[in-house]
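Thanks, everyone. Please have the sequence and the model open side by side. I'll start in a loop and work outwards.

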Amino acid sequence: MASSIDSRALGADGGGSAFDVRLRETGTRAFLVVHHRLVYERYFDGTDRQTLQTSFSLAKSFVSTLVGMPSTRGSSGASRTR
């Protein structure tokens, strides 16, 4: 876990901040903060980094972003007209 995030504010000290309580109430099993790299991770309900998670629509959004990146740079052969 990176030091750029105040883990006590997010409840990582075991104190159960309001944020931590809310994540538990909503059934969150993993909470990650990514800013150019992984800067914070927190797991709930007996899960850990190795636990397989269901991603639902997150996977669709991620793949759509990856597919759209080359076309915005003009490097996707699929978007070129012949």
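Start at H36, which sits in the loop between β1 (30-34) and β2. This is a predicted model, so keep that in mind throughout. H36 has a positive phi of about 70°, although it is not a glycine. Is H36 buried or exposed? It is exposed, with a relative accessible area of 80%. The cut-off for exposed is over 50%, so H36 qualifies.

There is another residue of this kind. F56 also has a positive phi, about 50°, and F56 is not a glycine either. Find F56 in the loop between β2 and α2. Its relative accessibility is 69%. F56 therefore counts as exposed, the cut-off being over 50%.

Now the overall layout. The protein has two helices and two strands. Read from the N terminus, the order is α-β-β-α. The protein has 82 residues, and 17% of them count as buried.

Next, the salt bridges. How many does a search of the whole structure find? Four. I'll go through some of them.

Take D20 with R24. Their side chains meet in a salt bridge, at 3.6 Å from N to O. Both residues lie in helix α1, residues 18-25. They are four residues apart, about one turn of the helix. How do they compare in exposure? R24 is partly exposed, at a relative accessible area of 47%. D20 counts as buried, at 3% relative accessibility. Buried means under 20%, so D20 makes the cut.

D20 has another partner. Its side chain also meets that of R42 in a salt bridge, at 3.3 Å from N to O. This pair links distant parts of the chain. D20 is in helix α1, R42 is in strand β2, residues 38-43, and 22 residues separate them in numbering. R42 counts as buried too, at 15% relative accessibility. Again the limit is under 20%, so 15% falls on the buried side.

Then R49 and E41. These two form a salt bridge, with the closest N and O atoms 2.2 Å apart. Which of the two is buried? E41 counts as buried, with a relative accessibility of 15%. R49 counts as exposed, at 55%.

Back to the network. Salt bridges that share partners join D20, R24 and R42 into one network. Trace it on screen: R24 to D20, then D20 to R42.

Stay with R49 for a moment. R49 lies in the loop between β2 and α2. That is also the loop that holds F56. Along the chain, R49 and A30 are 19 residues apart. In space, their C-alpha atoms are separated by 8.5 Å.

On to the pocket. Which residues line the largest pocket? The lining is R29, Q53, T54, S55, F56 and L58. So F56 comes up again, the loop residue with the positive phi. The space in this pocket is about 220 Å³. By class, the lining has two nonpolar residues, three polar and one charged.

Last, the surface. A nonpolar patch is formed there by F62, V63, L66, V67 and M69. Together these residues have about 470 Å² of accessible area. F62 is found in helix α2, residues 57-72. Is F62 buried or exposed? Exposed, with a relative accessible area of 54%. The threshold is over 50%, so F62 passes it.

To recap. H36 and F56 have positive phi values without being glycines. D20, R24 and R42 make one salt-bridge network. F56 is among the residues lining the largest pocket. And the nonpolar surface patch includes F62. That's my tour.

Conventions
Residues numbered from 1 in each chain as written. Heavy atoms only, no water. 1 Å grid on protein atoms, 1.4 Å probe; cavity = no way out; pocket = protein on both sides within 12 Å on 5 of 7 lines; lining within 4 Å. Points joined across faces, edges and corners; volume = space filled by probe spheres on them. Nonpolar A, V, L, I, M, F, W, Y, C, P; charged D, E, K, R; others polar. Buried < 20%, exposed > 50% of the residue type's maximum accessible area, 1.4 Å probe, protein only. Patch = residues over 30% accessible without salt bridge, like charges linked within 9 Å, V, L, I, M, F, W, Y side chains within 5 Å. Areas by Shrake-Rupley, 256 points an atom, 1.4 Å probe, with all protein chains shown as cover.
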